[in-house]
Amino acid sequence: MIKIPENSRFLIYSLSIFFCYFLFGIVQEKITRGRYGDEPSKDGKKGERFTYALALCWVQCFCNYIFAKGMLWAKQSKKEDQTHTGYYAVCALTYLLAMVSSNMALRWVPYPTQVVGKSAKPIPVMILGVLVGRKSYSLIRYTCVTTIVVGVVLFMYKESQIAHLPKETTGLGELLLFLSLAMDGLTGAVQERMRASSAPSGQQMMLAMNFWSTIMLSFAAIFTGEAKEFLNFATRHPDLWGHLAMLALLGALGQLFIFLMVASFGPLACSVVTTTRKFFTVLCSVLFFGNVLIPRQWFGAILVFAALFFDMLYGKGSSGSNKKNEAAAAKKAEGDLVEDKKKLLS
């Protein structure tokens with residue numbers, strides 16, 4: 001089997017996440033913003049809107065579970081997952097709460113505000129990773145992650161759209177965004193605990209987390225009655241199934257690379273990649289379609305690129321020291337085991 005260098009793997013995983021979720025966003029917008037059928041709706045336009053958020057999440061999680069199951073079967077790995085079930089259940093719960101809170105916030109805050117708020121995701125991931133996940137980072141990594149977040153905020157923030165925010169929408173939306181960020185941080189902290197205790201593979205993490213997510217979403221969709229309404233909608237508009245299949249495939253591939261990133265490089269590295277994904281999407285649109293950037297946005301772009309460059313070169317100091325400590329501990333344990341064997345033989 002070919003051994004791929006660590007930097008090359010990081011680049012492959014990052015580009016795969018960018019590509020899969022770029023196409024994923026196009027298909028998701030087609031489903032959630034498009035219309036199905038030709039019958040007139042209540043707003044006077046032709047076609048029905050798809051409004052079943054829980055059902056859409058259930059389809060993604062269930063298909064991700066099947067995809068991970070198939071990957072593990074094809075891989076035929078003999079390594080059993082020793083991770084405590086409670087870790088996966090808690091991780092799935094915090095992941096779903098983060099996603100639901102973020103989507104609900106859009107009812108009270110405009111999309112740019114949500115993007116700016118969620119761009120700070122690496123901060124709670126880092127803080128709770130230290131407090132709960134027992135992780136340590138170098139000062140350079142703290143500085144680089146903070147700089148990336150500031151750069152993304154400067155690049156994505158649009159005063160003209162934020163200025164039109166009605167007064168009655170303030171407060172609750174920001175609270176939901178804060179809750180979503182806190183849940184993101186807890187998810188990363190629990191994943192750090194999992195990596196430290198049992199080091200599950202990316203496919204194993206993907207399988208277990210989506211298993212628990214599917215169960216939780218099943219209860220929620222049935223309890224709210226959304227499951228029945230979704231099936232009726234899909235029966236009326238069978239072309240929805242093709243869009244869902246494409247969404248599920250892209251989502252499964254994207255999530256696979258996310259869990260491979262978490263398993264190999266940790267939740268913080270993954271959150272940095274997913275945070276900068278939208279930034280690079282917007283930047284590509286500027287480069288290819290000739291959109292004009294104001295000086296503040298150019299400054300934000302320079303901050304992001306500079307921080308990513310420095311983090312790539314110097315940000316792994318703490319992880320290297322941790323690996324040395326782990327290797328020393330393992331060597332000591334091995335020595336103790338040899339001594340015990342000698343005593344037994346004598």
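A salt bridge is a side-chain nitrogen of Lys or Arg within 4 Å of a carboxyl oxygen of Asp or Glu. The exercises below apply this criterion and others to a predicted model.

**Exercise 1.** Determine which parts of the chain the salt bridge between Arg 236 and Glu 48 ties together.

*Solution.* Step 1: the side chains of Arg 236 and Glu 48 form a salt bridge, with an N to O distance of 3.0 Å. Step 2: Arg 236 belongs to helix α10 (residues 226-236) and Glu 48 to strand β2 (residues 46-49), so the pair links parts that are 188 residues apart in sequence. Step 3: Arg 236 is partly exposed at 45% relative accessible area, and Glu 48 is partly exposed at 27%.

**Exercise 2.** Establish how Arg 195 and Glu 192 are placed within helix α8, and classify Glu 192 as buried or exposed.

*Solution.* Step 1: the structure holds 2 salt bridges; one of them joins the side chains of Arg 195 and Glu 192 at 3.5 Å, N to O. Step 2: the two residues are 3 apart in helix α8 (residues 172-197), which means a separation of about one helical turn. Step 3: an α-helix has 3.6 residues a turn, so residues three or four places apart point the same way. Step 4: buried means under 20% relative accessible area; Glu 192, at 5%, is therefore buried, whereas Arg 195, at 22%, is partly exposed.

**Exercise 3.** Check the span of helix α2 (residues 53-75) against the expected value.

*Solution.* Step 1: at 1.5 Å a residue, the 23 residues should span 33 Å. Step 2: the end C-alpha atoms of α2 are 33 Å apart, which agrees. Step 3: α2 is followed by Gln 76, whose phi is positive, near 55°. Step 4: the buried residues of α2 include Leu 56, Val 59, Tyr 65 and Leu 72.

Notes:
Residues numbered from 1 in each chain as written. Predicted model: local features only at pLDDT ≥ 70, side-chain atom pairs only at ≥ 80, totals over all residues. Heavy atoms only, no water. Helix = DSSP H or I, 4+ residues; strand = E, 2+ residues; numbered from the N terminus. Expected span 1.5 Å × (residues − 1). Buried < 20%, exposed > 50% of the residue type's maximum accessible area, 1.4 Å probe, protein only.
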